[in-house]
Amino acid sequence: MKCPFCGTPESRVVDSRGLEEEVRRRRACSNCGGRFSTSERVQNHVLFVVKKDGRREPYERQKLATGIYKACEKRPLPTGSVEKLITGIEEQIHELGRAEILSTTLGDLVMRNLESLDHIAYIRFASVYRDFADIGALKEALDGLSAGQNPQCSGSDRYKRALN
Ligand SMILES: [Zn+2]
């Protein structure tokens, strides 16, 4: 940070104040002794979701949550588990380190996370998101589930029954 008076890049911090979302520093130029302030704040992480038709929309947790809560409706899930799932998904998005995410990638992430939380919710979400064209595609997803590693959830009959 150059001194605004003489342009010297060296300065020393004489005071530092941390506010909720910002750190302010009072600096003194090593050359001319001029005093100036700097501030540091976390950049708003704006993530855009790229839809299938190429439109971009700012990511909204609420929007994602609505779809997931709908899929989890009346499922016997522990309190807070859906919020935890959403936070987990957001962390995974963050790890991708991108400014935008394809809606299909986001959908796949949700499905992957839902699969380990609740299979009924997974199927419900998948049937909306994947827009199963026919019963064959749905069966395929169910068969994929029964091949999963969760021993409590083996066998797709339960899920087929639940859907009927
Ligand atoms: Zn200076």
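**Exercise 1. How many bridges join strand E4 to E5, and in which sense do the two run?**

Solution. In this predicted model, strand E4 (residues 48–50) is joined to E5 by three bridges, and the two run antiparallel. For one residue pair, take valine 50: its bridge partner in E5 is arginine 56.

Next, place the pair in its sheet. The sheet is open, has three strands in the order E5-E4-E6, and its pairing is mixed. Strand E5 (56–58) and strand E6 (100–102) are the edge strands, each pairing on one side only. From one strand to the next the twist averages 30 degrees.

Last, look at what lies across this sheet. H3 lies across E4 and E6, and runs at about 75 degrees to E6.

**Exercise 2. Describe the sheet that contains E2, and find which strands stand at its edges.**

Solution. Start with the order: this open sheet of three strands reads E1-E2-E3, with antiparallel pairing. Strand E1 (11–18) and strand E3 (35–41) each have a single partner strand, so one side of each is left without a neighbour in the sheet. Those two strands therefore stand at the edges. Direction ignored, neighbouring strands here are turned by 25 degrees against each other on average.

Now take the pairings in turn. E1 and E2 run antiparallel and are joined by seven bridges; a hairpin of three residues links them. Within this pairing, arginine 12 stands opposite alanine 28 in E2. E2 and E3 also pair in the antiparallel sense, over seven bridges.

**Exercise 3. Is valine 23 buried, partly exposed or exposed? Work out its surroundings as well.**

Solution. First locate the residue: valine 23 is in strand E2 (residues 22–29). Then use the count of other C-beta atoms within 10 Å, which is 13 for valine 23. A residue is exposed at 12 or fewer and buried at 20 or more. Valine 23 is therefore partly exposed.

For the surroundings, begin with the strand pairing: valine 23 stands opposite glutamate 40 in E3. Leaving aside neighbours within four places in sequence, its contacts are Ser16, Gly18, Ser39 and Glu40. A further distance concerns arginine 41, which is 18 residues from valine 23 along the chain, with 6.5 Å between their C-alpha atoms.

**Exercise 4. Which residues of H3 are buried, and how are they arranged around the axis?**

Solution. Check the helix itself first. Helix H3 (residues 103–117) has 15 residues and reaches 21 Å from its first C-alpha to its last, close to the 21 Å expected at 1.5 Å a residue.

The buried residues in H3 are Val110, Leu114 and Glu115. They cover an arc of only 135 degrees around the axis, which puts them on the same side of H3. The general rule behind this kind of reading is that an α-helix has 3.6 residues a turn, so residues three or four places apart point the same way.

Then ask what covers that side. The cover of the buried residues of H3 includes helix H1 (61–71), helix H2 (81–96) and helix H4 (119–129).

**Exercise 5. Which helix gives the most to the largest nonpolar core, and what does leucine 114 touch?**

Solution. The largest nonpolar core has 13 residues, of which Ile68, Ala71, Leu114, Ala121, Tyr122 and Phe125 touch the most other members. H1, H2, H3 and H4 each supply at least two residues of this core. H4 gives the most, with five residues.

Turn to leucine 114. Not counting residues up to four places away in sequence, leucine 114 touches Ala71, Ala121, Tyr122 and Phe125.

**Exercise 6. Where is lysine 74, and what is its phi?**

Solution. Lysine 74 lies in the loop between H1 and H2. Its phi is positive, about 60 degrees, although the residue is not a glycine. With 7 other C-beta atoms within 10 Å, lysine 74 is exposed.

**Exercise 7. What pattern does the protein follow along the sequence, and how many of its elements are helices and strands?**

Solution. The protein has six helices and six strands. Read along the sequence, the pattern is β-β-β-β-β-α-α-β-α-α-α-α.

Two totals complete the picture. Of the 164 residues in the protein, 13% are buried. Among contacts between residues at least 6 apart in sequence, 38% join residues at least 24 apart.

Definitions and conventions
Residues are numbered from 1 along each chain as its sequence is written. This is a predicted model: local features need pLDDT of at least 70, side-chain atom pairs count only at pLDDT 80 or more; totals for chains, interfaces and linings use all residues. Helices (H or I, at least four residues) and strands (E, at least two) are DSSP runs, numbered from the N terminus. The expected span of a helix is 1.5 Å times one less than its number of residues. The arc is that of the directions from the helix axis to the C-beta atoms. Two residues are in contact if their C-beta atoms, placed from the backbone, lie within 7 Å. Two strands pair if DSSP finds at least two bridges between them. Axes are lines fitted to C-alpha atoms, for helices over the stretch in contact, and angles run from 0 to 180 degrees between N-to-C directions. A nonpolar core is a set of buried Ala, Val, Leu, Ile, Met, Phe, Trp, Tyr and Cys residues joined through C-beta atoms within 7 Å.
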